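Please look at the sequence and the 3D structure shown below. The paragraphs after it lead through the fold step by step.

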Amino acid sequence: MAIVINFGNHKGGVGKTTSAAITSYLLSKTNKVLAVDFDSQGNLTSFLSQRNIYDFEGKTVLQAVKEKNPRPYIYSVSDTLDILPAEDFLSTLSQFLYKEYKGDPNLLLKETLDVVHNDYDYIIIDCPPNLGEQTINALSAADYAVVLLQSEPFCFDALDRYLEFLESIQNKTNPKLLLAGILTSMLDARTIIDTSILDQARIDYEDIVFNTVIKRRSRIKEFTITGISDHTKQDKTALQQYMEFTEELKQRVQK
Ligand SMILES: Nc1ncnc2c1ncn2[C@@H]1O[C@H](COP(=O)(O)OP(=O)(O)OP(=O)(O)O)[C@@H](O)[C@H]1O
Ligand SMILES: [Mg+2]
């Protein structure tokens, strides 16, 4: 039975996809993992597959949810890491949900992933930067939510709104959803504003904030182009912080 973990925040460019991708990769070292790209930008798809997202046209999570069967659309990155890819047409999901689909529009992804629930130890879902149907479906399918906080004032201000949104999902569509924690990403430790936002987050949200903080590292950005590797010292240094986060996450989501 998989533990389903969602990476989200309605703010754009805060490290959701990068964190979902590297966490999926690290978890897959010792577990069977399915990474679900539920953002029509397809960034998780290109990050993990290192292929052009249009290679997957007609073979994505959109077809999987329409047929409520992910199996034909799962792409294997390695023996232990699979992805359910996305590309632009995922943005037509709401049209399908409200014009054609007869069931509960909030639970379509959950019902689709239930088909492969026993095939994986972890299912990781990457969300788009909004609070629309895709995010509602992704959170309704999850056991745990990881909330990204970029140490940046606009993102900090939006955090309460996102946490309220999680609560509304718990009340309406997914009572078993739990908050795994708030992950601070892209911290520039040399910048006073960044460290003061982290300090404030720890005061306001206490131990909900993960102890691990993801710092800004150019190698992490390069991974999006080169794929994730752990050969050089630079690779290992960049991955180390995510290794610590992954261990902390595993502890927090133990069933
Ligand atoms: N720790 C890091 N160090 C340096 N660059 C990073 C780090 N984390 C993410 N980035 C870069 O920041 C940018 C935004 O990251 P990412 O795409 O993961 O954010 P996102 O929240 O998924 O964005 P969106 O809201 O558009 O989906 C990317 O160019 C990524 O390579
Ligand atoms: Mg993203």
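Of the 69 residues in the largest nonpolar core, which touch the most other members? They are Ala35, Val61, Ile123, Ile124 and Ile125. The element that gives the most to this core is helix α1 (residues 16–27), with six residues. The model in which these contacts are found is a predicted one.

One of these residues, Ile123, can be followed further. Ile123 lies in strand β5. There are 26 other C-beta atoms within 10 Å of Ile123, and 20 or more are enough for a residue to count as buried, so Ile123 is buried. If residues up to four places away in sequence are left out, Ile123 touches Ala2, Val4, Leu34, Val36 and Leu113. Ile123 and Ala189, by contrast, are 66 residues apart in sequence and 31 Å apart in space, C-alpha to C-alpha.

The next topic is the sheet. Eight strands form an open sheet, and their order is β3-β4-β2-β5-β1-β6-β7-β8, with mixed pairing. At the edges stand β3 (75–76) and β8 (209–215); each has a single partner strand, so one side of each is left without a neighbour in the sheet. Helix α6 (residues 133–140) packs on the sheet, where it touches β1 (3–8), β5 (122–126) and β6 (144–150). The direction of α6 makes about 150 degrees with that of β1. Another helix, α7 (residues 153–172), lies across β6 and β7 (178–187) and runs at about 165 degrees to β6.

Strand β2 (residues 33–37) can now be taken on its own. It pairs with strand β4 (residues 81–84) in the parallel sense over four bridges. Within this pair, Ala35 stands opposite Ile83, and Val36 stands opposite Leu84. β2 also runs parallel to β5, and five bridges join the two. Here Val36 has Ile125 of β5 opposite.

In a regular strand the side chains alternate between the two faces of the sheet. In β2, Val33, Ala35 and Asp37 point one way, and Leu34 and Val36 point the other way. Are the residues of β2 buried or exposed? Five of its five residues are buried, so to speak of β2 as mostly covered fits the count.

Strand β1 can be read in the same manner. Six of its six residues are buried. On one side are Ile3, Ile5 and Phe7, on the other Val4, Asn6 and Gly8, and both faces are covered. β1 pairs with β5 in the parallel sense over five bridges, and Asn6 stands opposite Ile125 in β5. β1 also pairs with β6 in the parallel sense, over four bridges. In that pair Phe7 stands opposite Val146.

The model also holds a ligand. Which of the 19 residues around ligand 1 come nearest? They are Gly12, Lys16, Thr17, Thr18 and Pro129. The elements that give two or more residues to the shell around ligand 1 are α1, β7 and α9 (218–226). By class, this shell has five nonpolar, nine polar and five charged residues.

Some single residues remain. Gln50 is not a glycine, yet it has a positive phi of about 60 degrees. Gln50 is found in the loop between α2 (43–49) and α3 (61–67). Why does Gln50 count as partly exposed? It has 13 other C-beta atoms within 10 Å; a residue with 12 or fewer would be exposed and one with 20 or more would be buried, so Gln50 falls in between.

Met186 also has a positive phi, of about 55 degrees, and is not a glycine either. Met186 lies in strand β7. With 23 other C-beta atoms within 10 Å, Met186 is buried.

Ser229 is found in the loop between α9 and α10 (233–252). Ser229 has 15 other C-beta atoms within 10 Å and is therefore partly exposed. Ser229 and Ser218 are eleven residues apart in sequence, and their C-alpha atoms are 14 Å apart in space.

Conventions
Residues are numbered from 1 along each chain as its sequence is written. Chains are lettered from A and ligands numbered from 1 in the order in which they are written. This is a predicted model: local features need pLDDT of at least 70, side-chain atom pairs count only at pLDDT 80 or more; totals for chains, interfaces and linings use all residues. A nonpolar core is a set of buried Ala, Val, Leu, Ile, Met, Phe, Trp, Tyr and Cys residues joined through C-beta atoms within 7 Å. Two residues are in contact if their C-beta atoms, placed from the backbone, lie within 7 Å. Two strands pair if DSSP finds at least two bridges between them. Axes are lines fitted to C-alpha atoms, for helices over the stretch in contact, and angles run from 0 to 180 degrees between N-to-C directions. A residue is near a molecule or strand if its C-beta atom, placed from the backbone, lies within 6 Å of it. Ala, Val, Leu, Ile, Met, Phe, Trp, Tyr, Cys and Pro count as nonpolar, Asp, Glu, Lys and Arg as charged, and the others, Gly among them, as polar.
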